[in-house]
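User: Hello! I'd like a close look at one part of this protein, with some context from the parts around it. Here is what I have in front of me.

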Amino acid sequence: MKALLICVLLGAGVLFGVIIVQGGVAQSEGPPLGLPPVPIPEDNPQAVAKIELGKTLLNDKRFSATGEVSCATCHAEEKAFTDSPLTVSEGINKLTGTRNAPTVLNGVYMETMFWDGRSPSLEDQALHPFVNPVEMGLEDHEPILEIVRSDPKYVKAFKSVFGKTGKDVTMKEVTQAIAAFERAQVVANTPFDRWYYGGEEGALTESQRRGFEIFINQGRCVSCHVVEQTQALFTDNRFHNVGVGINNIQKDIPRLAREFLRAEATATEVNVKVLTDKKSSELSRFAVARTFDDLGAFKTPTLRNVALTAPYMHDGSLETLRDVVVHYNNGGVTNEGDPVNDFLSGGIRPLQLTDKEIDDLVAFMEALTIPEFAHLADEAGKK
Ligand code: HEC
Ligand code: HEC
């Protein structure tokens with residue numbers, strides 16, 4: 001936590017030394033052990049003051065209809081940027097959505113945003129929660145612009161970061177600053193990274209090492225939660241149906257799919273519909289790609305820091321990491337004996353893991369927590 005504190009004190013909001021600063025321009029110093037270079041879009045270069053502004057925006061509750069919800073309400077730094085232990089997120093007036101909040105840590109490596117990939121970038125993603133009726137609940141983005149164009153602190157910050165004032169400050173600058181902050185949240189150097197990439201023999205316990213063997217062999221986890229020679233994102237950035245949630249709507253699929261296609265939903269309608277209507281939410285990638293292969297397919301989440309972000313899956317329906325492994329061990333059904341859904345990914349089959357092997361796999365995933373959050377893992381373990 002020391003590194004975190006130092007960064008916060010510096011006001012840079014940059015975690016763990018990935019970005020160094022020269023002349024106020026943040027430059028990549030090379031990613032931490034276990035991660036690839038950080039992709040930065042040409043039209044939104046990193047800068048310390050921009051990252052700092054993004055952090056302030058992300059924490060500003062005035063950008064919600066009730067003045068009570070900020071992005072950080074659901075992506076709290078001290079909860080690895082999630083709202084654990086909530087199953088699905090709570091927005092204004094305690095309204096609930098349909099999905100579990102993913103972490104923003106290492107979100108920069110996601111090729112698409114949201115569980116169904118309906119948003120193409122961090123900049124685009126940041127537009128949506130403000131106007132989602134069950135999240136921040138604004139009618140449109142105007143109230144945000146009024147605040148950032150008139151609050152003296154924002155006026156000063158937008159002038160120094162973007163050289164803009166008054167009507168020239170738009171949602172483009174607001175979302176660029178938020179995205180810059182998110183891009184700075186690059187974290188690794190976990191016990192796993194130190195062992196696998198750093199050659200530090202003792203960094204993993206024996207159980208964790210056995211768990212890794214299962215992860216890459218018998219469990220076939222690695223086919224989607226990717227680990228490579230020099231880096232491990234633990235995601236393939238693709239969409240798969242692993243049998244979560246879809247079983248509840250199996251009979252309704254033809255009707256829901258038809259309705260969806262008939263509505264020819266606009267991108268905005270998709271955003272609102274999937275977060276307000278439980279059944280439509282389960283169509284997932286189908287609602288974006290409109291292909292039947294994608295029914296019930298969700299984006300492979302990273303497993304970094306996963307021990308801190310229970311409950312699991314897009315709907316938060318699995319309480320513990322052990323429950324997740326049992327679900328996979330059953331071949332993509334939560335309760336053994338339940339029917340397998342028609343759209344299950346080909347990669348998901350019963351695994352025949354013993355109880356001890358299941359424990360090892362869980363132990364391995366616990367080795368993916370960054371040192372700065374290790375104390376949180378200890379606290380979670382004590383509960
Ligand atoms: C009410 C809780 C809530 C609020 C407020 C909220 N989020 Fe989220 N966030 C979520 C949920 C739930 C999802 C997943 C939604 C989905 O996939 O359909 C999500 C997804 C994301 C993702 C995508 C991550 C990934 O891997 O796909 C990012 C990035 C993100 N939010 C950032 C933000 C930002 C920036 C704000 C403020 C502008 C914000 N969120 C406000 C709950 C919230
Ligand atoms: C076919 C691809 C695929 C395979 C194989 C796979 N996963 Fe997943 N994993 C996913 C997808 C997709 C999700 C999200 C599914 C959802 O929410 O409906 C997921 C979710 C998870 C989660 C929950 C993460 C979170 O933040 O909610 C964990 C933990 C996990 N997988 C571990 C494993 C383990 C361990 C294995 C091997 C036994 C494995 N996965 C095999 C694709 C896969």
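How do the residues of the shell around ligand 2 divide into nonpolar, polar and charged?

Analyst: Happy to take you through it; please keep in mind that this is a predicted model. The shell around ligand 2 divides into 16 nonpolar residues, nine polar ones and one charged one. In all, 26 residues surround ligand 2, and the closest are Gly219, Cys221, Cys224, His314 and Gly347. Helix α15, which covers residues 321-329, provides the largest share of this shell, with four residues.

Next, the loop between β4 and α15. Pro311 sits in that loop, and the peptide bond that leads into it from Ala310 is cis, with omega near -5°. Asn305 is placed in the loop between β4 and α15 too. The phi of Asn305 is near 65°, a positive value in a residue other than glycine. Both features are worth a look on your screen, since most residues other than glycine have a negative phi, and most peptide bonds are trans. Asn305 is also buried, because 25 other C-beta atoms lie within 10 Å, where 20 or more are needed to count as buried.

For the wider setting, the chain is divided into domain 1 (2-183), domain 2 (191-241 + 300-382) and domain 3 (246-295). Where domains 1 and 3 touch, the contact takes 11 residues from domain 1 and 12 residues from domain 3. On the domain 1 side, three of these residues are nonpolar, five are polar and three are charged.

Then there is a helix pair to find. Helix α10 (residues 206-216) and helix α16 (residues 355-366) have axes that come within 7 Å and cross at roughly 100°. The two helices α10 and α16 are therefore roughly perpendicular to each other. From α10, the residues that take part include Arg210, Phe212 and Phe215, while those from α16 include Glu357, Leu361 and Phe364. By class, this contact of α10 with α16 has six nonpolar, three polar and four charged residues.

It also helps to set the other ligand beside this one. Ligand 1 is surrounded by 30 residues, and the closest are Cys71, Cys74, Phe114, Trp115 and Pro129. Among the elements that give two or more residues to its shell are α3 (71-74), α8 (171-183) and α12 (267-276). Helix α3 gives the most, with three residues. The shell around ligand 1 divides into 19 nonpolar, seven polar and four charged residues.

Phe114, one of the closest residues to ligand 1, lies in the loop between α3 and α4. Phe114 has a positive phi of about 80° although it is not a glycine. With 21 other C-beta atoms within 10 Å, Phe114 is buried. Pro85 is found in the loop between α3 and α4 as well, and the peptide bond from Ser84 to Pro85 is cis, with omega near 10°.

Lastly, two places to compare for burial. Nine of the 11 residues of helix α2 (residues 48-58) are buried, so this helix is largely enclosed by the rest of the structure. Among those buried residues are Val48, Ile51, Leu53 and Leu57, and also Lys50, Glu52 and Lys55. His375, by contrast, is exposed, with 11 other C-beta atoms within 10 Å. You will find His375 in helix α17 (residues 374-382).

Key: Residues numbered from 1 in each chain as written. Chains lettered and ligands numbered in written order. Predicted model: local features only at pLDDT ≥ 70, side-chain atom pairs only at ≥ 80, totals over all residues. Domains from an automatic or database assignment. Contact = placed C-beta atoms within 7 Å. Nonpolar A, V, L, I, M, F, W, Y, C, P; charged D, E, K, R; others polar. Near = placed C-beta within 6 Å. Buried ≥ 20, exposed ≤ 12 C-beta atoms within 10 Å, placed from the backbone. Axes fitted to C-alpha atoms, helices over the stretch in contact; angles between N-to-C directions. Parallel < 35°, antiparallel > 145°, perpendicular 65-115°, else oblique.
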